[in-house]
Amino acid sequence: MRLSFIALSLLTAGLSLPAHADYLYGFGGVYVDHQNWDHGPNAINDGERGASRNQWVLGAEGGAGFTWGDMYGFFDYESPGQASSERKTSIKGTMNVYLGDTGLSAYAQIYDHKNQNMSEQNRVLGLGYTKLAGENWWFKPWVGIHDISYTDTFAGTANNISGFNGYMLGWTAGYKFQAFNQNFSIVNWNEIEFDRQHANAQGQGGDNGLNGGVSLFWNVTDHVTTGITYRYFANKLGVNNPGTNYQTYGDALIYRLQYNF
């Protein structure tokens with residue numbers, strides 16, 4: 001059975017589990033982002049891929065925790081004010097299913113991105129660890145097998161990549177704190193790809209890749225949050241750097257205004 005079906009089955013099974021387990025917490029919100037790909041210290045520095053890649057994003061996110069595990073997901077609708085040919089969608093879902101009281105979990109992740117010229121879905125299935133947490137902080141590492149489906153028509157003909165794409169190691173982490181009588185939080189997500197299949201390694205600039213972001217959020221009220229994210233990547237996003245084969249490391253700044261339910 002393909003990894004995609006296994007991951008989807010695990011996610012689907014998780015959605016049915018809350019009826020048989022205790023609900024612990026939940027959160028959700030809608031947001032407006034502005035992605036600035038030419039603002040970072042190592043920003044995409046060519047005109048085609050730099051400022052022209054800046055965009056508004058409308059999104060929604062949510063997560064929940066249960067006695068059996070936890071889940072998180074978001075949906076982004078990118079460039080909503082542009083022509084239909086310029087609009088894009090990104091969807092991500094993650095889930096941990098606890099393996100007893102060991103702290104280990106069965107981990108599944110799906111990320112799907114579509115635009116007029118490209119369709120990409122990344123699937124990860126592996127193990128996580130969820131007991132590195134305290135009252136105001138958490139660190140949830142995971143590692144798994146990486147499976148991919150990718151198609152693009154940028155050159156006028158279809159370029160297809162599918163199947164086993166090596167391995168992925170990652171984590172999510174966060175810390176909540178107070179300063180100036182205000183509530184803040186720092187959140188980091190990080191993904192490292194290893195041993196990519198040859199076709200994907202050629203398209204991304206290397207056998208390994210890095211992808212992530214560090215966010216500082218100001219929780220103005222219970223319902224209003226604003227923040228900034230330092231978005232970073234290496235051998236990822238297929239970004240060309242003039243004069244070299246690929247931009248080894250790049251970054252961007254993302255500004256957010258969010259309403260929390």
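Two rings of Phe, Tyr or Trp (taking the six-membered ring of Trp) count as a pair here if their centres lie within 6.5 Å. With that cut-off, a search of the whole structure, which is a predicted model, turns up 13 aromatic pairs.

Take Tyr230 and Tyr232 as a start: the ring centres are 6.2 Å apart and the planes make 35 degrees, so this pair is tilted. Tyr230 is partly exposed, at 26% relative accessible area, while Tyr232 is buried at 9%. Then there's Tyr259 with Phe261, an edge-to-face pair with 6.1 Å from centre to centre and 75 degrees between the planes. Tyr259 comes out as partly exposed at 40%, and Phe261 is exposed at 65%. Ring pairs also join up into a cluster made of Tyr175, Phe177, Phe184 and Trp218.

Rings have charged company too. Arg256 lies over the face of Tyr31, 3.6 Å from the ring centre. Over at Trp37, the charged end of Arg53 sits above the ring at 4.8 Å from its centre.

**Strand pairing**

Now for the strands. β13 (residues 249–260) has a partner in β1 (residues 23–36), antiparallel, with eight bridges between the two. One of the contacts here puts His34 opposite Tyr255 of β13. β13 also runs antiparallel to β12 (residues 224–234), and 11 bridges join these two; on β13, Gly250 is the bridge partner of Phe233.

Another run of pairing involves β5, β6 and β8. β5 (residues 104–115) and β6 (residues 118–129) are antiparallel and share 12 bridges, with two residues between them in a hairpin. Leu104 has Tyr129 in β6 as its bridge partner. β6 in turn pairs with β8 (residues 137–152), again in the antiparallel sense, over 11 bridges, and there Ser119 is matched with Thr151 of β8.

**Salt bridges**

How many salt bridges does the structure hold? The count is seven. Three of them are listed here with their N to O distances.

| Salt bridge | N to O distance |
|---|---|
| Lys92 and Glu191 | 2.8 Å |
| Lys114 and Asp112 | 2.8 Å |
| Asp147 and Arg123 | 2.6 Å |

The Asp147 and Arg123 contact goes from strand β8 to strand β6, so it ties together parts that are 24 residues apart in sequence. Buried means under 20% relative accessible area, so Asp147 at 8% makes the cut, and so does Arg123 at 2%.

Lys92 and Glu191 reach further along the chain: Lys92 is in strand β4 (residues 88–98) and Glu191 in strand β10 (residues 182–194), so the contact links parts 99 residues apart in sequence. Both Lys92 and Glu191 are buried.

With Lys114 and Asp112, the burial is mixed. Lys114 is partly exposed, with 39% relative accessible area, whereas Asp112 counts as buried at 13%.

There's also a network of salt bridges that links Glu193, Arg196 and Lys236.

**A helix residue with a polar contact**

Is Gln204 buried or exposed? At 10% relative accessibility, Gln204 is buried. Gln204 belongs to helix α2 (residues 198–204), and a polar atom of the Gln204 side chain lies 3.0 Å from the backbone nitrogen of Leu237.

Methods
Residues are numbered from 1 along each chain as its sequence is written. This is a predicted model: local features need pLDDT of at least 70, side-chain atom pairs count only at pLDDT 80 or more; totals for chains, interfaces and linings use all residues. Side-chain values use heavy atoms; hydrogens and water are left out. Two strands pair if DSSP finds at least two bridges between them. Helices (H or I, at least four residues) and strands (E, at least two) are DSSP runs, numbered from the N terminus. Buried means under 20% relative accessible area, exposed over 50%, partly exposed in between (1.4 Å probe, protein chains only). A polar contact is a pair of N or O atoms within 3.5 Å; within protein, one must be able to donate a hydrogen and the other to accept it, and residues adjacent in sequence count only if both atoms are side-chain atoms. Rings of Phe, Tyr and Trp (its six-membered ring) pair if their centres lie within 6.5 Å; planes under 30 degrees apart count as stacked, over 60 as edge-to-face and the rest as tilted. A charge sits over a ring if NZ of Lys or CZ of Arg is within 6 Å of the ring centre and within 35 degrees of the ring normal. A salt bridge is a side-chain nitrogen of Lys or Arg within 4 Å of a carboxyl oxygen of Asp or Glu.
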